[in-house]
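I opened my notebook to get to know a structure that was new to me. Come along and look things up with me.

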Amino acid sequence: MAISTTLKPCRRLLIGCTRTVGWHPKCPHRLPSAADHHSLHRLHRPADPEPARPRPSAPPSHRGILGIPTTVSDLRRFSSSSEPFPGGGDKAFDRIYIQGMAVKPLVLESVEAEAVKEAVKEEVEREQAATVETEGSVDGGVGNLEESGRDLEVGKEIEVSEVEKEAWRLLNKAVVSYCGSPVGTVAANDPTTLSQLNYDQVFIRDFVPSAIAFLIKGESDVVRNFLLHIVQLQSWEKTVDCYSPGQGLMPASFKVRTVPLDGSNEAFEEVLDPDFGESAIGRVAPVDSGLWWIILLRAYGKITGDYTLQERVDVQTGIKLILNLCLSDGFDMFPSLLVTDGSCMIDRRMGIHGHPLEIQALFYSALRCSREMITINDTSKNLVRAINNRLSALSFHIREYYWVDMKRINEIYRYKTEEYSQNAVNKFNIYPEQIPSWLADWIPEKGGYLIGNLQPAHMDFRFFSLGNFWAIVSSLTTPRQAEGILNLIEDKWDDLVANMPFKICYPALEYEEWRIITGGDPKNTPWSYHNGGSWPTLLWQFTLACIKMGRPDLAQRAVAVAEKQLSNDKWPEYYDTRTGRFIGKQSRLYQTWTVAGFLLSKMLLANPEIATILTCEEDLELLEGCICSLSKSSRTKCSRRAARSQILV
Ligand code: GLC
C-alpha cells in the first residue's frame, strides 16, 4: 500500500481583526453577531458536531434513569438518563474537521484602515475615560445585577480598603485590547523583569478570576469578547511541528500582535496569535483551558442573566468540540481523564501525568456546566446521555478511590496485593510500602482529602490544593468529604497557609525524588514554584469552597494573611519556602491572577449569594445512576436511598 508522504504545511496561525468574512468591514473590532456567526460557522466550522455513534458493545440500558429534558432550562433543573457514551472511536469528528483554512487575515484598503484606526482610537479614549470613572467608584461591586432585574440579593455598599483600590487599578491596567475592545488581561505587568517570556499574553486559566471579578462589577464586555474570541481560536488549525492536535483544544494563551499590513511599514493591523502549547515550555497540552472556558461561560450566564451567549450556534459548537475531545474513546479503563504531565496550572514536569486530581475536578465541573448549557435537540441528546454517564462514573471513582482519611490509610496499610478477579479489594494493586512516611504523622484524626493521582500500582499521596478546592466547589466530593477537607486545612494551617495562602501542593519533592520526578528542574526546587510554593491566586477557589460549606471564617482568615503582604510585596506570582516567607525566586511581580484572586475573594465574601450561583450542588440522580450500574455486579439496591447510603459516606 502506498503511503502518502505529503505533509501538511506547518503554519503559524494569526487571526486578524480585519477579517471580513461575516464581519462589518467598517467596524472590524465589532464582534460578529449571532447571524454573522451563522455564516462564519457555515464557512469554517461544523454545522453541529454530529454526535459519534454508539459503541457496538454497548451494555444494556439498565442505567437509564430519567427522560431527556427538552429545554435548556429543564436541564438547569434536572439531570438526565445515562446511556453508554456514543464513543467517537471512529473519529466521527474527522468528518467535520476543517483542515488548513486560509489564515492570512483579509485586510481593508489602507484608506479604510486609517479611518478604522481613527475610530478605534476614539473608542479607546472613550473607554479610558469610562475606566477612570469606574475606578473612582469602586464599591466592592455587585455591578449590574440589580439593573438586570435578577433575583439575586444585591450586595450592600461596603467599604473598600486602600489595598483593594490599588488592586482594581492594577486589574484595569492589565486589560488587553484588540482592535479597540477589551479581550482579556495580561498574565503579569512586571516592569522589573526584562524578559517577559510569555507573561505578556492573556492566559485562559489566569483570566478566570479577573473575568468573574469584572462580571460581578458589572463589566461584562471584556468577558463576552474573551469568550467569543477564544471560541473562534479553537477551530483554527494548530500544529506542533507537523502534527495537528485535536480540534476542540483551546489555547493556553494568546497575544495581540501588531503586524505590518502587506509588508508595508506604514499601515499596521492587530492580530490574535494563540499558543496551543506549540510554543509553550515543554510543549505542554493546555487541557484545562477548554474546561475553564466552559466554566466561565456558565458563570457569565449566571451573573449577567444573558443566556443568549451560550445559546449561539458557534458557542454551542465550541462546547461540543471540547466535550467530544474529552469524551472520545481511548484505551482508558477509568472514567477519569488521562492526560500528560503539566497539562494544567502546573504546566511543567511535576509527576502529575495520568489522572491528576485538578484535571478531574475541572472535567467534572465542565461536564456539569455543559449539561446545563447544551441546547437539546436530536443530535445533542446522545451527548447529554454521555455526559450523565461519565458524571456518575467519575464521581463514584473519585469519591471512592481518591479519598483518604485515617481509616482509609489504615486499610491501605493492611492491603493484600496481587489480587486477581473482579472482587479484589485492592483493585489497583497498591503496595502498602507506597504510603509515604510523612503521611502517617500528617493525616489528622478528623478530616481527610483527595489524593493527587491514581494509576495502576500508584497513588500520589501529595495534597494538591486546587483539585481539592474545585472538587468541593463542583460537588465532586460528598458533602462529608468536603467538610473533611476543610477540617484538614484548618488542622494543617501552618503547612498549607502559614505566611501566604496557598501551598500549591504539599509536601514538596526533595532530594532524589525531586531529581527523578522533576528531572532536576531548577525552577521547581523543593518549596518553590510548583513544587510546594505558595500561590495567592488560589485564594478565590478556596473562598468559594469555604462559602459553599458554610465556613467563610476560614476564607476570611486566609484573606487577612494575604492582605497583610500582597501590596507591600508588589503582588507576586508565588512565594517560596516551607512557610511561604520569601517572594518566589523567579516570581513575577504584579501578577494579574494574584491581584484578581485576592479581589475576587473579597467580593465573594462580601456577596456570598454570588458564590452560591458559581458552585454546583450535590446531584443525587447521578449517584443513583452509578449505584444502579453497580447493582448488576453486586447486591447493592438500585434506588436513590441506596445511593445516599452507599456514596454519601
Ligand atoms: C506559569 C504557571 C501557569 C500560568 C502562567 C501564566 O506558567 O505555571 O499556571 O498560567 O504562568 O501566569
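These entries go through cavities, cysteines, a sheet, a helix and some aromatic rings.

**Entry 1: what kind of model**

I noted before anything else that this is a predicted model.

**Entry 2: the largest cavity**

I began with empty space, since rolling a probe the size of a water molecule over the atoms shows where it is left. How many cavities of 30 Å³ or more does the structure hold? I found six. The largest cavity contains about 120 Å³ of space. I counted 16 residues in its lining, and those nearest the centre are Ile295, Arg298, Trp470, Val473 and Leu614. The elements that bring two or more residues to this lining are α5 (204-217), α7 (287-304), α10 (357-373), α14 (465-473) and α18 (539-548). Which of them gives the most? My answer is α7, with four residues. By class, I wrote down 12 nonpolar residues, three polar and one charged for the lining of the largest cavity.

**Entry 3: the second largest cavity**

Next I turned to the second largest cavity, with a volume of about 90 Å³. Its lining has 13 residues, and Ile346, Glu358, Phe464, Gly467 and Ile504 are the closest to the centre. I met α10 and α14 again here, each supplying at least two residues of the lining. This time α14 gives the most, with three residues. The classes in this second lining are nine nonpolar, three polar and one charged.

**Entry 4: cysteines**

I searched the whole structure for disulfides and found zero. I also looked up two cysteines to see how they sit. Cys344 has a relative accessible area of 1%, so I filed it as buried. Cys505 is at 0% relative accessibility and therefore counts as buried.

**Entry 5: an open sheet**

I then traced an open sheet of four strands, which run in the order β7-β8-β9-β10 with antiparallel pairing. Which strands are at the edges? They are β7 (403-405) and β10 (505-506), each of which pairs on one side only. I followed β7 to β8 (residues 448-455) and found antiparallel pairing over three bridges. Opposite Val404 I found Tyr449, which belongs to β8.

**Entry 6: helix α18**

Is α18 largely enclosed or largely open? Nine of its 10 residues are buried, so I call α18 largely enclosed by the rest of the structure. I listed the buried residues of α18 as Leu539, Trp540, Gln541, Phe542, Thr543, Leu544, Ala545, Cys546 and Ile547. After α18 comes Gly550, and its phi is positive, near 70°.

**Entry 7: aromatic rings**

My last search was for aromatic pairs, and the structure holds 23 of them. I picked out Trp438 and Trp442, an edge-to-face pair with 5.6 Å centre to centre and 75° between the planes. Why are these two separated by about one helical turn? Trp438 and Trp442 are four residues apart in helix α13 (residues 437-442), which explains that separation. The background I keep in mind is that an α-helix has 3.6 residues a turn, so residues three or four places apart point the same way.

I checked how accessible each ring's residue is. Trp438 counts as partly exposed because its relative accessibility is 24%. Trp442 is at 4%, so I marked it as buried. Finally, I noted that ring pairs link Trp438 and Trp442 into a cluster with Tyr449, Phe463, Tyr506 and Trp527. Tyr449 is the residue I had met opposite Val404 in the sheet entry.

Notes: Residues numbered from 1 in each chain as written. Predicted model: local features only at pLDDT ≥ 70, side-chain atom pairs only at ≥ 80, totals over all residues. Heavy atoms only, no water. 1 Å grid on protein atoms, 1.4 Å probe; cavity = no way out; pocket = protein on both sides within 12 Å on 5 of 7 lines; lining within 4 Å. Points joined across faces, edges and corners; volume = space filled by probe spheres on them. Nonpolar A, V, L, I, M, F, W, Y, C, P; charged D, E, K, R; others polar. Disulfide = S-S within 2.5 Å. Buried < 20%, exposed > 50% of the residue type's maximum accessible area, 1.4 Å probe, protein only. Pairing = 2+ DSSP bridges. Phe/Tyr/Trp six-rings, centres within 6.5 Å; stacked < 30°, edge-to-face > 60°.
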